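Here's a quick tour of one structure, with a look at what surrounds its ligand and how one of its sheets is put together. Have the viewer open as you read.

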Amino acid sequence: MPPSSDIETFQKSLASSTKVIILAGAGLSAASGIATYRGEGGLWLTNNPLELSTPEAFEKDPSRVWRFYHPRRDRCLQAEPNAAHHAIAALALPTTLARVAPSLKPDSAPPLLITQNFDSLSLRALEALPPDVREAAAERVLEMHGSAFVTRCTSCQATRRSYETPLSPALADAAALEDDCVIPVSELPRCGGPQWAGSNRYGRCGGLLRPDVVWFGEIPKHMGEIARQLNWCDLLIVVGTSSLVQPAAGFAKTVKTRGGKVAVFNLGRSSGDEDADFLFLGPCEETLPRALG
Ligand code: BJW
Ligand code: ZN
């Protein structure tokens, strides 16, 4: 049977669901000006991911990888959450939940958000909520491909979240550097560097920092928790992902196999559609607020 695009039927399904999970991809942040990977203007259309988004690439040329990531991090910093981020964040409000998803079990509220995005815009959207719901809601956001705002030391493994920029003086103007410019490794972000002043909770070993994002060939974060949660999910809402990258690409099938329903919100057709019970085509910054409103 082809997926339904009837918003009222979807809303009834949401209202009777006891455990809802939202899976997000780059399309969620497209309206905030963050480039997708494979769509129009997508990063992987003009860059080779094997040269920029693998542990081997970082080992071979950390300067090149940081020159790719730091300007993207700056762009995320300047971006603002859009209407789709805010519609998801609003599900943390008891009043919204009581209206749109009254059957959610208490331990499943607000709905879990699994995001593949590294821009942390879903977390920043929570800043618009009252402090008493914000913290619990933040714990329900799993950044499975890491965050542009977290670094990890390649020596002592200390991780640190920071919204400061630049992460090292040499990266201040990284976007303007010539393609063949090589920043010496000693001038790339280091563990315990000047930007860590005042912090004594983390390592200070001087090792080379890397972006704490998940590259190809690495294991995504929170996989144990995600597998547990998917087990009991009766509605998976898939937003703005091409569903081409594993393991996230398989979540819809997992939920379907266990008897749950799947709703896809995407600009166009995607590989996730084959498992969809509901399909809402169009910009999610328009379709999602309407569906969750
Ligand atoms: C809108 C919209 C709007 C636009 N409104 N919609 C061969 C076969 C099968 C698998 C493999 C294979 N070889 C290797 C693998 C595994 C590999 C993989 O899947 N590769 C495939 C590409 C072939 N996966 C991995 O290596 C992963 N690790 C892994 O599998 O470990 C094994 C393991 C798993 C579990 C347990 C134990 C072990 C790691 C994947 C890491 C992905 N990393 C990246 C980079 C992150 C950092 C950075 O940003 O640089 O993550 S790649 C990139 O792709 C990024 C994304 O999170 C990810 C997914 O992309 P996404 O979000 O779907 O974006 P797009 O651009 O593809 O799609 C955007 C969509 O939005 C489109 O559909 C548009 O239509 C839509 N859209 N505007 C609504 N306004
Ligand atoms: Zn260290």
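What follows covers the ligand shell, then a sheet and the helix that lies across it.

## Around the ligand

Keep in mind that this is a predicted model. Ligand 1 has 37 residues around it, and the ones that come nearest are Gly25, Gly27, Tyr37, Gln116 and Ser242. As for secondary structure, helix H2 (27-30) and helix H13 (284-292) are the elements that give two or more residues to this shell.

What is the mix by class? The shell around ligand 1 counts 18 nonpolar residues, 16 polar ones and 3 charged ones. Two domains chip in with at least three residues each: domain 1 (1-34 + 81-145 + 221-293) and domain 2 (35-78 + 147-213).

## A three-stranded sheet

Now for the sheet, which is open, has 3 strands and runs in the order E5-E4-E6 with antiparallel pairing. Strand E5 (159-161) and strand E6 (209-213) sit at the edges, each pairing on one side only. From one strand to the next, the twist averages 40 degrees.

Zoom in on strand E4 (residues 146-153) and E6: they run antiparallel and are joined by 4 bridges. Which residue in E6 is the bridge partner of cysteine 153? That would be leucine 209. In general, strands of a sheet pair through backbone hydrogen bonds, either parallel or antiparallel.

## The helix across it

Finally, look for helix H6 (residues 62-78), which lies across both E4 and E6. Relative to E4, helix H6 runs at about 135 degrees.

Technical notes. Residues numbered from 1 in each chain as written. Chains lettered and ligands numbered in written order. Predicted model: local features only at pLDDT ≥ 70, side-chain atom pairs only at ≥ 80, totals over all residues. Near = placed C-beta within 6 Å. Nonpolar A, V, L, I, M, F, W, Y, C, P; charged D, E, K, R; others polar. Domains from an automatic or database assignment. Pairing = 2+ DSSP bridges. Axes fitted to C-alpha atoms, helices over the stretch in contact; angles between N-to-C directions. Contact = placed C-beta atoms within 7 Å.
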